[in-house]
Every structure is written in structure tokens, then in C-alpha cells.
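Here is a walk through one protein model for someone meeting it for the first time. Have a look at the picture, then read on.

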Amino acid sequence: QVHLVESGGGLVQPGGSLRLSCAAKMSFFNMYSMSWYRQAPGKERERVATCNRFGNTNYTESVQGRFTISRDNAKNTVDLQMDDLRPDDTGVYFCSAVRLTFPQVGPFWGQGTQVSVSV
């Protein structure tokens, strides 16, 4: 059983910062690749950042240099530090977990947290 709970969303002005956190209730958290996705109104869900089980990270181009994903395997958490926020960063942000083994396990999703960037 995997249960993901996001927190930290809110309303922020352009140029501001937010830190999202995802608390995972699950076994073998360290074996999972953890990602943050977002979905803007009227748009498809897109992957924002991933931290794999080895600690390697990658980001979608639009957030490179502004967002940082990190994980704490001792606490079963994955965070997303978002700096220099822009209006087009607005959306619902989801935490996701997948174990890329054979057979694959997941992906699992949280319920999402709203991020709004506006003056």
C-alpha cells in the first residue's frame, strides 16, 4: 500500500518561492523513483522533476535552474523547492512514486496541492 500526501502549496507573487513536500507512507521508499508533476487548467499533466533511487535528478526545461527536487530516504519525503516562480507555474502539483523494477510497481499519485502565482 502506497499513500502520498502533498503539502506546501499556496498563492505567491511572481518572483517568489514555495517549498512543496510529499510525505510517503510506503515500504522500500528508497527503491522508488520520485517525481513531481503539475497540471494547469485546461492542460495535460506534465512532469516537472524527478529524483531516482540513486539520487540523480532531472527537470523539465522550463524549470531548470529555478526548481530543486530533493529526497530524504530516512524520512520518506521528497521536496520541491520552487524559486523565481512565474505565472505559468500555476497549477496543481502532484507527487508520484514508481518502482522501475521488473515487474514495475506503480505509478502512485498523491491528491495534489494547488500552486498559484499571481500579482
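A salt bridge, as the term is used here, is a side-chain nitrogen of Lys or Arg within 4 Å of a carboxyl oxygen of Asp or Glu. One such pair is Glu46 and Arg38, whose side chains meet at 2.7 Å, N to O. We'll come back to that pair shortly. Keep in mind that what you're looking at is a predicted model.

**The overall picture**

What is the protein built from, in terms of helices and strands? There are zero helices and eleven strands. Follow the sequence along and the pattern reads β-β-β-β-β-β-β-β-β-β-β.

As for size, the C-alpha trace spans about 45 × 25 × 25 Å along its principal axes. The radius of gyration is 14 Å, which agrees with the value near 14 Å that a compact globule of 119 residues would have. Of those 119 residues, 40% count as buried.

The chain also makes plenty of use of links across its sequence: take the contacts between residues at least 6 apart, and 54% of them join residues at least 24 apart. On the outside, the accessible surface comes to about 6,500 Å², and carbon and sulfur atoms account for 50% of that. The protein carries 12 positive and 10 negative charges, and the mean positions of the two sets are 8 Å apart.

**A network of charges**

Side chains of opposite charge can pair when their charged atoms come close. How many salt bridges does a search of the whole structure find? It finds four. Three of them are listed here, with the N to O separation for each.

| Salt bridge | N to O separation |
|---|---|
| Glu46 and Arg38 | 2.7 Å |
| Asp89 and Arg38 | 2.9 Å |
| Asp89 and Arg66 | 2.8 Å |

Let's start with Glu46 and Arg38. Glu46 counts as partly exposed, at 32% relative accessibility. Arg38, at 5%, counts as buried, because buried means under 20% relative accessible area.

Arg38 also pairs with Asp89, the closest N and O atoms being 2.9 Å apart. This pair links distant parts of the chain: Arg38 belongs to strand E4, while Asp89 sits in the loop between strand E8 (77-82) and strand E9 (91-99), 51 residues apart. Is Asp89 buried or exposed? Asp89 is buried, with a relative accessible area of 0%.

Asp89 has another partner in Arg66, and their side chains meet at 2.8 Å. Here too, distant parts of the chain are linked, with Arg66 in the loop between strand E6 (57-59) and strand E7 (67-72), 23 residues from Asp89. Arg66 is buried as well, with a relative accessible area of 6%. Put together, salt bridges that share partners join Arg38, Glu46, Arg66 and Asp89 into one network.

**A look around Ser33**

Ser33 is in strand E4, which covers residues 33-39. Its relative accessible area is 9%, so it is buried. Which residues does Ser33 touch, leaving aside those up to four places away in sequence? Among them are Thr50, Cys51, Asn52 and Arg53, along with Arg71 and Ser96, Ala97, Val98 and Leu100. The C-alpha atoms of Ser33 and Arg99 are separated by 6.0 Å, although the two residues are 66 residues apart along the chain.

**Some unusual backbone spots**

Most residues other than glycine have a negative phi, and most peptide bonds are trans. A few places here go the other way.

Two of them are peptide bonds leading into a proline. The bond from Phe102 to Pro103 is cis, with omega near -5°, and Pro103 lies in the loop between E9 and strand E10 (105-109). The bond from Gly106 to Pro107 is also cis, with omega near 15°. Pro107 has its place in strand E10.

Then there's positive phi. Phe28 has a phi of about 60° although it is not a glycine. You'll find Phe28 in the loop between strand E3 (18-25) and E4, and it is exposed, with a relative accessible area of 56%. Asn76 likewise has a positive phi, near 55°. Asn76 lies in the loop between E7 and E8 and is buried, with a relative accessible area of 18%.

Technical notes
Residues are numbered from 1 along each chain as its sequence is written. This is a predicted model: local features need pLDDT of at least 70, side-chain atom pairs count only at pLDDT 80 or more; totals for chains, interfaces and linings use all residues. Side-chain values use heavy atoms; hydrogens and water are left out. Helices (H or I, at least four residues) and strands (E, at least two) are DSSP runs, numbered from the N terminus. The radius of gyration is taken over C-alpha atoms; the globule rule is 2.2 Å times the number of residues to the power 0.38. Buried means under 20% relative accessible area, exposed over 50%, partly exposed in between (1.4 Å probe, protein chains only). Contact means heavy atoms within 4.5 Å. Accessible areas come from the Shrake-Rupley method with a 1.4 Å probe; for residues, only the protein chains shown count as cover. Lys and Arg count as positive and Asp and Glu as negative; His and the chain ends are not counted. The place of a charge is taken as NZ of Lys, CZ of Arg, CG of Asp or CD of Glu.
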